[in-house]
Amino acid sequence: MSDLQTFAAIVGGAKRFVVLTGAGMSQESGIPTFRDAMDGLWAQYDPMELATPSAFLRDPKLVWEWYEYRRGLVNTAKPNAGHYALVELEALLPQVTIVTQNVDGFHQLVGSRDVICLHGNIQQHKCAGDCKGDPTLVDISQLTDEASPPRCPYCQQHYVRPNVVWFNETLPVAELERAHDVSLQADVMLVIGTSGVVVPAAQLPFLAYRGGATILEINPNRSNISEIARLRLAGGSAEMLPEVVKLIRENT
Ligand code: BV8
């Protein structure tokens, strides 16, 4: 059997299938990964520097405009064949849970039913001070304040910020706990498009592996997860995932 056939046989036989996705999952939708340089004006900035509370404190306008630029990329991009292939797997396998590091909301957009968002959603905004509880969500389409960033309409004190988890911020407790649980219970975990650098997300495959899961990977490059992967399909997820689904269909 080829690697692809073995890969598809393992996925096709999964009882409690968990998928961990990173920025590479949306790369073929035209959304740059964190390691790819942003285009144009933003190429001079390091995402790791901008995606932090201290950057927002230091220069709220710069961080706000960076997120508005990225939100614009998401709004002009489309989910790709890989996102849709994961939805197809839900009809072929008894249990599919997606744990995503991505903030583009594409898994939910294409109809994946069980998505755990570890790092929030770039389409949502909140009061930077969570003045009415965590999170105090704000619909920026209803705001009259044209400033960048606008002030929270509730407290008029704090700025509005993207509802994403910045570096040195803790992840949402319920999502992280559930991600731990499903990783420990998984019999197969497929890791797609992540360098495996950012924790605690990158620890989930190791948790699953220690729990006895078979780890599979789709990534054109080796990552920090590759060492525990039974197999790595060295290609783009938009190209590889439909191939895997096609083979599973042929064998069901
Ligand atoms: C926390 C939302 C507790 C924002 C994001 C020192 C050492 C170790 C750890 C730390 C440290 N100092 C601090 C830390 C902890 C820190 C961390 O992990 N730092 C890293 C940089 C070392 N983590 C945190 O701070 C987390 N919180 O730990 O809380 C705490 C509290 C207080 C103080 C300390 C600790 C919060 C992390 C969440 C950060 N927010 N996103 C936003 O999006 O703006 S993370 C952000 O970066 C993305 O969401 C994504 O998760 C991550 C980038 O990672 P990837 O998704 O893997 O993307 P990357 O570009 O790296 O890789 C893409 C991959 O795709 C590549 O492998 C490539 O080959 C592949 N690829 C490319 N094309 C394709 C493809 N694959 C498939 N198909 C393709 N076509």
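## Cysteines

At a relative accessibility of 33%, Cys131 falls in the partly exposed class, and in this predicted model Cys131 takes part in no disulfide, the nearest cysteine sulfur being that of Cys152, 3.7 Å away. Cys155 is likewise classed as partly exposed, with a relative accessibility of 25%.

The sulfur of Cys155 has its closest cysteine sulfur in Cys152, at 3.7 Å, which is too far for a bond, because a disulfide is counted here when two cysteine sulfur atoms lie within 2.5 Å. The structure as a whole holds zero disulfides.

## Nonpolar cores

The largest nonpolar core comprises 27 residues, and within it Phe7, Val11, Phe17 and Leu190 have the most contacts. Two or more residues are given to this core by each of the helices α1 (3-12), α5 (81-92) and α9 (237-250), and by each of the strands β1 (17-21), β2 (96-100), β7 (188-192), β8 (214-218) and β9 (231-233). The greatest contribution to this core comes from α9, which supplies six residues.

If residues up to four places away in sequence are set aside, Phe7 touches Leu190, Leu216, Glu217, Ile218, Leu231, Leu233 and Val244. Apart from this core lies another, made up of 22 residues, including Leu118, Ala179, Ala186 and Ile228. In soluble globular proteins, nonpolar side chains tend to be buried together.

## A buried histidine in α5

Helix α5, one of the elements that give two or more residues to the largest core, also holds His83. Is His83 buried or exposed? With a relative accessible area of 0%, His83 counts as buried, because that value is under the 20% limit. Once neighbours within four places in sequence are left aside, the residues in contact with His83 are Met25, Ser26, Ser29, Phe106, His107 and Val110.

## Ligand surroundings

There are 34 residues around the ligand, and of these Arg35, Tyr67, Arg70, Asn168 and Ser195 come nearest. Backbone atoms take part in the polar contacts with the ligand: a polar backbone atom of Ala23 is 2.8 Å from a ligand oxygen atom, and a backbone N or O atom of Gln101 lies 2.9 Å from an oxygen atom of the ligand. From Thr194, by contrast, it is a polar side-chain atom that lies 2.7 Å from an oxygen atom of the ligand. Taken alone, the ligand exposes 1500 Å², and the protein buries 76% of that area.

Key:
Residues numbered from 1 in each chain as written. Predicted model: local features only at pLDDT ≥ 70, side-chain atom pairs only at ≥ 80, totals over all residues. Heavy atoms only, no water. Core = buried A, V, L, I, M, F, W, Y, C linked by side-chain atoms within 4.5 Å. Buried < 20%, exposed > 50% of the residue type's maximum accessible area, 1.4 Å probe, protein only. Helix = DSSP H or I, 4+ residues; strand = E, 2+ residues; numbered from the N terminus. Contact = heavy atoms within 4.5 Å. Near = heavy atom within 4 Å. Polar contact = N/O pair within 3.5 Å; in protein donor to acceptor, adjacent residues only side chain to side chain. Areas by Shrake-Rupley, 256 points an atom, 1.4 Å probe, with all protein chains shown as cover.
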